[in-house]
Amino acid sequence: MEKILFAVQKSGRLNEDSVGLLKECGISIDTSKEQLKIPSSNYPLEVLYLRNADIPEYVQDGVADIGILGENVVVESEANIEILKKLNFSKCRLSMAIPKNVEYIGLQYFQGKKIATSYPNTTKVFLKKNNIQADIHVITGSVEIAPNIGLADGICDLVSSGSTLFLNGLKEVEVILKSEAVLVCNKKLSPEKRKMVEEICFRIETVLTARKKKYVLLNVPDENLQLIIELLHGITSPTVMKLARQDWSSLHAVIEEQEFWNIVGQLKKLGAEGILVLDIEKMVS
Ligand code: PRP
C-alpha cells in the first residue's frame, strides 16, 4: 500500500503544534527527532522532519506529498504547491520596522533606504507594488539587530508578540503579510494519494472544528426555558432534559466559545445555574 510522505518542521515554532495535530487526528508518531523519517505506527504515513525553508521545494518536487508550514514560507518560496487548508495556529505577520526614535512618514521613508530581511522575494514584491526602490540586504537570522549595527535603515521580518522588535528598539510600521500555519500538498498526486490526503484533511477539519466549539451544560428554571433556548442557538436545537427538581430542566448545547462569553451574563440573569463548559475532542459536521 502507498504511504503518504508528510513533511513537518524539524525544529522551530511549528514543530510541536504540527505533531500534536497529527496525534489529535489519530495518527501516532514517535517524536524522536534524531530519526528524520518516521513511519506512523497506525496509519499509512511517514513523517519527514525537514528544515522549514526546504519544505516548499520538497513538496513541489514530490519528495514529500504534503506538509505543514507557515504561509509566509510558501509565499516567499514562490513554489508551485497547493494550499489545502489554513490551520489556525502559529499566527504571525511579516512586517516592516524601523528604529523607534525615527519619525515614520509613510512608505516613502523606505525610498532609497537599506532594508534587512530574510524574506527578500516577499519584500521586493511589496516594495515594487508600492513604487518604492530600496536596497534589500539579505540576512538569514537575527534580522532585528541590523539597524542597531548600522547595517540597515529598517527591516522586514516576522512579528508574533512584538517583543523581539521592542527589545531591539524597533517599531512596526507596515504589515505586509498576515500568516498562519497551512497544510500544503504536491499538485501532481496520484489519484490514490489524493484520496488519502482527502481523508487526512477530513480528520484535520474534524479536530479544527471541535477546537472552536464548547459543549455547554446548564440547569435552568422552566419559566425561562424558551428564552434560554433562543440564546443558545448552537449547531442544532439544544437537548432539554427534565431535572428531578420540580420546574427545572437541564440544557445541553454546542456553541462557539466566543458566543458563550457573549451570553454568559444573560444566562445568569435568566436564572441559569451549574453552568459547565467542556472541551470537545472531535466534531464531525
Ligand atoms: C521569529 C522572527 C522574529 C521573532 C518574532 O524568529 O524572526 O525574530 O520570531 O517573534 P516575537 O514578535 O514574538 O518576538 P524565531 O524565534 O522563530 O526564530 P528564527 O530567528 O529562526 O526565525
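Let's start at Asp 247, which sits in the loop between strand S13 (239-242) and S14. This is a predicted model, by the way, so please hear everything I say today in that light. What drew me to this residue is its backbone: phi of Asp 247 is near 65 degrees, a positive value in a residue other than glycine. Most residues other than glycine have a negative phi. As for its surroundings, Asp 247 counts as partly exposed, at 49% relative accessibility.

There is a second residue of this kind. Asn 88 is not a glycine either, and its phi is positive, at about 65 degrees. You will find Asn 88 in the loop between S5 and strand S6 (92-99). Its relative accessible area is 41%, which makes Asn 88 partly exposed.

Let me step back to the whole chain for a moment. The protein chain holds eight helices and 15 strands. How does its radius of gyration sit against that of a compact globule of 285 residues? The globule would come out near 19 Å, but the protein chain has 24 Å. If you look along the principal axes, the C-alpha trace spans about 75 × 55 × 35 Å. Buried residues account for 46% of the 285 in the chain.

On contacts, take those between residues at least 6 apart in sequence: 68% of them join residues at least 24 apart. The accessible surface is about 15100 Å², and carbon and sulfur atoms own 51% of that.

Now, charges. The chain carries 34 positive and 37 negative side chains, and the centres of the two sets lie 2 Å apart. Searching the whole structure turns up 15 salt bridges. I'd like to walk you through a few of them.

Strand S5 is a good place to begin. Lys 86 pairs with Glu 71 in a salt bridge, with the closest N and O atoms 3.2 Å apart. That pair links distant parts of the chain, since Lys 86 belongs to strand S5 (residues 82-86) and Glu 71 to helix H3 (residues 71-77), 15 residues apart. Are the two partners buried or exposed? Lys 86 is partly exposed, with a relative accessible area of 48%, while Glu 71 counts as buried at 12%.

Next comes Glu 82, which forms a salt bridge with Arg 194, and here the closest N and O atoms are 3.2 Å apart. Which parts does this bridge tie together? Glu 82 lies in strand S5 and Arg 194 in helix H6 (residues 191-212), so the pair joins parts that are 112 residues apart in sequence. Glu 82 is partly exposed, with a relative accessible area of 26%, and Arg 194 also counts as partly exposed, at 24%.

My next pair is Glu 256 and Lys 213, whose side chains meet in a salt bridge at 3.3 Å, N to O. Glu 256 is in strand S14 (residues 248-256) and Lys 213 in strand S12 (residues 213-221), so this bridge ties together parts 43 residues apart in sequence. Glu 256 is partly exposed, at 33% relative accessible area, whereas Lys 213 is buried, at 14%.

There is also a network of salt bridges, linking Lys 3, Lys 37 and Glu 46.

Keep Lys 213 in mind, please, as we turn to Glu 259. This glutamate is in helix H8 (residues 257-269). Where is its nearest side chain of opposite charge? That is Lys 213, 7.0 Å away, and Glu 259 has no salt bridge although it is buried. A salt bridge here needs the nitrogen within 4 Å of a carboxyl oxygen. What does Glu 259 touch, then, leaving out residues up to four places away in sequence? It is in contact with Leu 231 and His 233.

Last stop: Gly 150. You can spot it in the loop between strand S8 (135-138) and strand S9 (154-159). Gly 150 is exposed, with a relative accessible area of 64%. How far is Gly 150 from Val 8? The two are 142 residues apart in sequence, and in space they are 36 Å apart, C-alpha to C-alpha.

That's my tour. If you'd like to open one spot in the viewer together, my pick would be Glu 259, buried and without a salt bridge. Thanks, everyone!

Notes: Residues numbered from 1 in each chain as written. Predicted model: local features only at pLDDT ≥ 70, side-chain atom pairs only at ≥ 80, totals over all residues. Heavy atoms only, no water. Helix = DSSP H or I, 4+ residues; strand = E, 2+ residues; numbered from the N terminus. Rg over C-alpha atoms; globule rule 2.2 N^0.38 Å. Buried < 20%, exposed > 50% of the residue type's maximum accessible area, 1.4 Å probe, protein only. Contact = heavy atoms within 4.5 Å. Areas by Shrake-Rupley, 256 points an atom, 1.4 Å probe, with all protein chains shown as cover. Lys, Arg positive; Asp, Glu negative; His and termini not counted. Charge placed at Lys NZ, Arg CZ, Asp CG, Glu CD.
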